[in-house]
Amino acid sequence: GVMEDKRNIPIIEWEHLDKRKFYVFGICMTMMIRVSVYPFTLIRTRLQVQKGKSLYNGTFDAFVKILRTEGTAGLYRGFLVNTFTLISGQCYVTTYELTRKYVSRYNNNNAVKSLVAGGSASLVAQSITVPIDVISQHLMMQRKGETMGRFKVQNQDGKRMLVFGQTKDIIVQIFKADGFRGFYRGYVASLLTYIPNSAVWWPFYHFYAEQLSSLTPKDCPHLLLQAISGPLAAATASTLTNPMDVIRARVQVEGKSSIILTFKQLLAEEGPWGLTKGLSARIISATPSTIVIVVGYETLKKLSLRPELVDSRHW
């Protein structure tokens, strides 16, 4: 009957998709989100790295100050390098879907599939993302004529270096200081942030979607429920994993190597509240992208359904 259909929000599986459409739509969408939320990613990183409130009082304050002193360009430092993480996003989705498919041979429980797939997808994505993150975070730390991190971009003859000049400069400095390992600074901290984040996100997402679905009238569109559960799940996951995220940012930017020491030092300097640094900026940067990802991901799957399957689905 109609009732059962409503409760079981259909999950589209990988083999029903037209892959080319899926990737093209996916990349365009991701780029649009990236441009809109990048400033908050930069702010979150600066807030997490600063000592106490030495530079910025909070998300809004940072936004205004960066705009004032460094202009729009200041909010987009490291953006171009950061776009390379698009590759890891595509790898994430692909790994997620393929792992789900593999796991379903042994276990058809949705929660199990989501957990295992979410975890594996993160592992793959992080291996690509961490080096890019390390580089782009050092670029985010460059303020007018100074830096908040370990490395400072050299200004040649007072001219502003071109973007890739700065990038090359940072890459060379990281390599000189730490060798190849330098690009995997905070790799473990990243895994400890993003694997739980991703593993927690999917079950919470399905959980919130089901709860909402049982509270709302039958004709309430699925997409709306998904658009609400996505950010709720993201905020839940962000809050749970933020302490680790602060530590990850500090390990990567300040070049510390020990997670535990960084943790102790943060607690000593800033108390337990230090662990919430950048959380609101993080939720702000996660929310629009989550809404778009969820709505987009579900719509994307509908748009990318192989033509012969379109009529077989009722939405």
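Accessible areas here come from the Shrake-Rupley method with a 1.4 Å probe, and for residues only the protein chains shown count as cover. The model is predicted, so that local features need a pLDDT of at least 70 and side-chain atom pairs count only at pLDDT 80 or more, whereas totals for chains, interfaces and linings use all residues. Residues are numbered from 1 along each chain as its sequence is written, and side-chain values use heavy atoms, with hydrogens and water left out.

**Exercise 1. Describe the overall model: its surface, its elements and its confidence.**

Step 1. The accessible surface of the protein comes to about 15,500 Å², and 67% of this belongs to carbon and sulfur atoms. Of the 315 residues, 50% are buried, where buried means under 20% relative accessible area, exposed means over 50%, and partly exposed lies in between (1.4 Å probe, protein chains only).

Step 2. The protein has 12 helices and 2 strands, which are DSSP runs numbered from the N terminus (helices: H or I, at least four residues; strands: E, at least two). Along the sequence their order is α-α-α-α-α-α-β-β-α-α-α-α-α-α.

Step 3. A contact is defined by heavy atoms within 4.5 Å; among contacts between residues at least 6 apart in sequence, 77% join residues at least 24 apart.

Step 4. The average pLDDT, the predictor's confidence in each residue from 0 to 100, is 82, and 88% of the residues score at least 70. Over residues 1-8 the pLDDT is below 50, and this stretch has 10 contacts in the model beyond near neighbours in sequence.

**Exercise 2. Compare the span of helix α3 with that of a straight helix, and locate its bend and its packing.**

Step 1. The expected span of a helix is 1.5 Å times one less than its number of residues. For 17 residues a straight helix would span 24 Å, but α3 (residues 59-75) spans only 12 Å between its end C-alpha atoms.

Step 2. At threonine 69 the helix α3 bends by about 105°, the bend being the angle between axes fitted to the seven residues ending at a residue and the seven starting there.

Step 3. Thr59, Ala62, Ile66, Glu70, Gly74 and Leu75 are the buried residues in α3, and the buried residues of this helix pack against α2 (19-49), β1 (142-143) and α11 (279-303).

**Exercise 3. Examine individual salt bridges and state how accessible their partners are.**

Step 1. A salt bridge is a side-chain nitrogen of Lys or Arg within 4 Å of a carboxyl oxygen of Asp or Glu, and the structure holds 13 of them.

Step 2. Glutamate 70 forms a salt bridge with arginine 77, with 2.8 Å between the closest N and O atoms. Glutamate 70 counts as buried because its relative accessibility is 11%, and arginine 77 is likewise buried, at 15%.

Step 3. Arginine 150 and aspartate 178 meet in a salt bridge at 3.1 Å, N to O. This pair links distant parts of the chain, 28 residues apart, with arginine 150 in the loop between β2 (146-147) and α7 (163-178) and aspartate 178 in helix α7. Arginine 150 is partly exposed at 33%, as is aspartate 178 at 22%.

**Exercise 4. Place arginine 44 in its surroundings.**

Step 1. Arginine 44 lies in helix α2 and, because its relative accessible area is 9%, is buried.

Step 2. Apart from residues up to four places away in sequence, arginine 44 touches Tyr194, Asp245, Arg248, Gly278, Ala281, Arg282 and Ser285.

Step 3. A network of salt bridges links Arg44, Asp133, Asp245, Arg248 and Arg282.
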